[in-house]
Amino acid sequence: MITTEPPPDPLRITDLEVRFGGIRAVQGVSLTLRRDEVLGLLGQNGAGKTTVVNCVSRSVDASSGRIELFGRDIRRMKPFQVTRAGVSRTYQTAAVFGALTALQVGMLARDAHDRRATAVEYALRLPRARRHERQARASVTQALELVGFSAPVNRRLGELTYGQAKLADLARAVAGEPRILLLDEPASGLSVRERDQMAEAIQRVRRELGVPVLIIEHDMELMQRLCDRTIVMDTGRILAEGRLDELLTRPDVAVSLLGVTPQEAAG
Ligand SMILES: Nc1ncnc2c1ncn2[C@@H]1O[C@H](COP(=O)(O)OP(=O)(O)OP(=O)(O)O)[C@@H](O)[C@H]1O
């Protein structure tokens, strides 16, 4: 009888440990991001959520554990190699790219994704480089349209409203044609209206690209709206995992996230 192996999960983290000097920021974290899901990562400030994402995008080194992207161990890869392997992320603060325009940050993502001409061809603006640049610009414009970016594409992100700057950052992540998307607090600092625009943008990206998404966010309404499954972290460890509405009825989760039990919150 022929047995076929199930395809590897987009992201599988096993027994991840991260120490910063004496701080154990992440302790024995194992999680799987499945195909076709939005997985939420919740937890108080300092719970270790961003550190987990930073390990996947390779801006932080794990002390031990395994991180596999579609079955491939990425722990020794450089950040640009994981980007090429299909990991795209956004940042908590849109100020990271404040000096660049929406078009320029998108072009950066395309550049990291594929360079089809040599540096000399780009410098001399030879036909192959110009053609590639035209294609890249079209992909970035498409990504900006998809997320509903409505400001001028040639204005610096630092001069835009926070909502538009964060949409531009999402478009940058999308323009790199990711196989998985990591979103670090996409709604932080946004007004309610901007937060709703961000939620719609993420839903459109999911529909159009079909990529799995790992999202860190403190905004419960956004998490309820977007997540198929949620993991709650507390002081570096996983405290609970499941559907967010069910998790919030658990006293330990409610105390960890909100500081009160569900009964106290209701009364
Ligand atoms: N580069 C670093 N050097 C030293 N300690 C760090 C570093 N990055 C994170 N930490 C510490 O690791 C712990 C986890 O931080 P992390 O940023 O992952 O938490 P978080 O859950 O993402 O919090 P937030 O919701 O505030 O972003 C915290 O105690 C933090 O101070």
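Helices are taken here as DSSP runs of type H or I of at least four residues, numbered from the N terminus. In the predicted model, helix α10 is followed directly by G259, which adopts a positive phi of about 85°. Within α10, which comprises residues 251-258, the buried positions are V253, S256 and L257. These residues lie on the same side of α10, because the arc that they cover around the axis is only 90°. Such an arrangement can be read against the general geometry of the α-helix, in which there are 3.6 residues a turn, so that residues three or four places apart point the same way. The cover over the buried residues of α10 includes the strands β3 (38-42), β9 (229-234) and β10 (237-242), together with the helix α9 (244-247).

Helix α6, formed by residues 162-175, presents another case of burial, since 13 of its 14 residues are buried and the helix is therefore largely enclosed by the rest of the structure. Its length was also examined: at 1.5 Å a residue, the 14 residues of α6 should span 20 Å, and the C-alpha atoms at its two ends are indeed 20 Å apart, in agreement with that expectation. After α6 comes E177, for which phi is again positive, with a value near 50°.

The domain assignment divides the protein into domain 1, made up of 1-86 + 179-267, and domain 2, which covers 95-177. Contacts between the two involve 17 residues of domain 1 and 13 residues of domain 2. On the side of domain 1 that touches domain 2, the elements that contribute two or more residues are α2 (79-84) and α7 (192-209), and the largest share, amounting to 9 residues, is supplied by α7. By residue class, this side of domain 1 consists of 8 nonpolar, 4 polar and 5 charged residues.

The ligand, finally, is surrounded by F20, I23, A25, G43, N45, G46, A47, G48, K49, T50 and T51. Two or more residues of this shell are provided by each of the elements β2 (23-33) and α1 (49-56), of which α1 gives the most, with 3 residues. In composition, the shell around the ligand comprises 4 nonpolar, 6 polar and 1 charged residue.

Methods
Residues are numbered from 1 along each chain as its sequence is written. This is a predicted model: local features need pLDDT of at least 70, side-chain atom pairs count only at pLDDT 80 or more; totals for chains, interfaces and linings use all residues. A residue is near a molecule or strand if its C-beta atom, placed from the backbone, lies within 6 Å of it. Ala, Val, Leu, Ile, Met, Phe, Trp, Tyr, Cys and Pro count as nonpolar, Asp, Glu, Lys and Arg as charged, and the others, Gly among them, as polar. Domain bounds come from an automatic or database domain assignment. Two residues are in contact if their C-beta atoms, placed from the backbone, lie within 7 Å. The expected span of a helix is 1.5 Å times one less than its number of residues. A residue is buried if 20 or more other C-beta atoms lie within 10 Å of its own, exposed if 12 or fewer, and partly exposed in between; C-beta atoms are placed from the backbone. The arc is that of the directions from the helix axis to the C-beta atoms.
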